[in-house]
Amino acid sequence: MVGRRFAELLGAHPWFEIGLLVGGEGSAGRSYEDVWEAKEAALEAHYGTWARRAYPAHLKGAQVGRFEDITTSGAKIVFSSVPENAGPRERFLLDHGLQVFSNSPYGRFDAQNPLIVPEVNRHALDDRPFVKNPNCVTSGLVLVLDPIRRRYGVEAVSITTYQSLSGRGDAKYARDLVIGNVLPLHGSGENTETYIGKEVKKILDQPLPISVSCSRVGVQEGHYVDVRIKTSQPIGTRDDVVALLRDYNPLTGSGLPSAPEAPLVVLDEVGRPRPSCDASHHDGMAVAIGNISTSDEVYDLRLTYVVNNLIRGAAGGAILNAEIAYLARA
Ligand SMILES: NC(=O)c1ccc[n+]([C@@H]2O[C@H](COP(=O)([O-])OP(=O)(O)OC[C@H]3O[C@@H](n4cnc5c(N)ncnc54)[C@H](OP(=O)(O)O)[C@@H]3O)[C@@H](O)[C@H]2O)c1
């Protein structure tokens, strides 16, 4: 799933050119269009409600290569979206001198691998060969928390997620668990709740108490997240917070092709943000925020956001990191 977005974005990228597309053993040697169509058709047949994503015209004729061929392909960097259990393949590529930009949970919590969301901690990217971005929910959450913590300090956070089906990739849940239903992820093998808590602390470099509750819902794309925050300093007015979030743009003027015009889009309408309307602001690289309140009886600030799990939360995030690394070297 993430790989398809990588291919789509990189195939049209102004700085990078695709050298080789690689999948698992079963895909090697096949037409990429056939692999793509089969995966989208399987999701449509399974869920019934799935809107197939069309095969991009600029990838016409692409073939899926073998993993072993990466090291002799002439490629300089690899974008990886392998499952955690295939993570050692990233190590293999690093050992062969390639730079790897990765979405996989593999190695995310090793001390030497920072998790990069460039608006928040691009200083940690430096010239390292292994660049990881965090989980999809975290990618949006740290963007929301960063301006708040800079202005008011953040003491504690509580989040509840409503995560989309594409967040599980091409793996499929039994239909009745997620269509017309809500599937709690607490205690499941997906480890999402644990990952988010650890990742936020790591990126913000702060032992922030965070309470996380995750669920899967029958939405195709875009994770919806409810956030409640206790701040260190007294919170300003709602208008102050809206202005703070709207002004946040540490990458202004960076010239990076994937940097959004603004990473946070604040919506005032009642009933927004919603994944179906708000997962694609600035090509999926911006987080949509709404339902901001500074008059909650328990928390200093509450809001909700929608993050595009496949773009900002995965492929687009990794490509933005690679653009920064490339620019630093150019
Ligand atoms: N989906 C999201 O929203 C999201 C967001 C952030 C991070 N991530 C992370 O990104 C990764 C991919 O997620 P996904 O949703 O795209 O999962 P997915 O749809 O299941 O895709 C997994 C991909 O990995 C390939 N693969 C599996 N084993 C491999 C191996 N041994 N060597 C090379 N390729 C192998 C598969 O190729 P074949 O199909 O050819 O077998 C497939 O292309 C995961 O680590 C996930 O945690 C996902």
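**Pockets, helix contacts and backbone exceptions**

The second largest pocket of this predicted model is lined by 15 residues, and those lying nearest its centre are Leu9, Pro257, Ser258, Asp283 and Met285. About 230 Å³ of space lies in this second largest pocket. When its lining is divided by class, nine residues are nonpolar, four are polar and two are charged. Helix 10 supplies the largest share of that lining, namely three residues.

Helix 10, which spans residues 311-329, also packs against helix 1, which spans residues 2-11, at an angle of about 45 degrees and with the two axes 10 Å apart. An angle of that size is neither under 35 degrees nor within the range of 65 to 115 degrees, and helix 1 and helix 10 are therefore oblique to each other. The crossing in which helix 1 passes helix 10 is right-handed. On the side of helix 1 the contact is made by Val2, Arg5, Phe6, Leu9 and Leu10, and on the side of helix 10 by Ile311, Ala314, Ala315, Gly316, Ala318 and Ile319. Sorted by class, the residues of this contact of helix 1 with helix 10 comprise nine nonpolar, one polar and one charged. Leu9 thus appears in two places in this account, since Leu9 of helix 1 takes part in the contact with helix 10 and Leu9 is also among the residues nearest the centre of the second largest pocket.

From the open pocket we can turn to enclosed space. A search of the whole structure finds one cavity of 30 Å³ or more, and the largest cavity holds about 30 Å³ of space. Its lining is made up of Ile116, Val117, Pro118, Asn133, Pro134, Ser139, Arg312 and Gly317. Four of the residues lining the largest cavity are nonpolar, three are polar and one is charged.

Helix 5, residues 136-152, takes part in two helix pairs described here, and the partner in one of them is helix 7, residues 192-204, where the axes come within 10 Å and cross at roughly 45 degrees. That angle makes helix 5 oblique to helix 7, and the crossing of the two is right-handed. Val137, Thr138, Leu141, Val142, Leu145 and Arg149 of helix 5 make the contact with Ile196, Glu199, Val200, Ile203 and Leu204 of helix 7. By class, eight residues in the contact of helix 5 with helix 7 are nonpolar, one is polar and two are charged.

The other partner is helix 8, residues 238-247, whose axis and that of helix 5 come within 9 Å and cross at roughly 120 degrees. This angle lies over the range of 65 to 115 degrees but not over 145, and that makes helix 5 oblique to helix 8. Helix 5 passes helix 8 in a crossing that is right-handed. Here Val144, Pro147, Ile148, Arg151 and Tyr152 in helix 5 meet Asp240, Val241, Leu244 and Leu245 in helix 8. The residues of the contact of helix 5 with helix 8 divide into seven nonpolar and two charged, with no polar residue among them.

Two details of the backbone remain, and both concern loops. As background, most residues other than glycine have a negative phi, and most peptide bonds are trans. The peptide bond from Arg272 to Pro273, however, is cis, with omega near 0 degrees. Pro273 has its place in the loop between strand 10, residues 264-266, and helix 9, residues 275-278. At Asp126, phi is near 30 degrees, a positive value in a residue other than glycine. Asp126 lies in the loop between helix 4, residues 118-121, and strand 5, residues 130-132.

Notes. Residues are numbered from 1 along each chain as its sequence is written. This is a predicted model: local features need pLDDT of at least 70, side-chain atom pairs count only at pLDDT 80 or more; totals for chains, interfaces and linings use all residues. Side-chain values use heavy atoms; hydrogens and water are left out. Axes are lines fitted to C-alpha atoms, for helices over the stretch in contact, and angles run from 0 to 180 degrees between N-to-C directions. Helices (H or I, at least four residues) and strands (E, at least two) are DSSP runs, numbered from the N terminus. A crossing is left-handed if the near helix is turned anticlockwise from the far one by less than a right angle, and right-handed if clockwise. Contact means heavy atoms within 4.5 Å. Ala, Val, Leu, Ile, Met, Phe, Trp, Tyr, Cys and Pro count as nonpolar, Asp, Glu, Lys and Arg as charged, and the others, Gly among them, as polar. On a 1 Å grid over the protein atoms alone, a cavity is a set of points where a 1.4 Å probe fits but cannot get out, and a pocket is an open set with protein on both sides within 12 Å along at least five of seven lines; lining residues have an atom within 4 Å of a point. Grid points are joined across faces, edges and corners, and a volume is the space filled by probe spheres set on the points.
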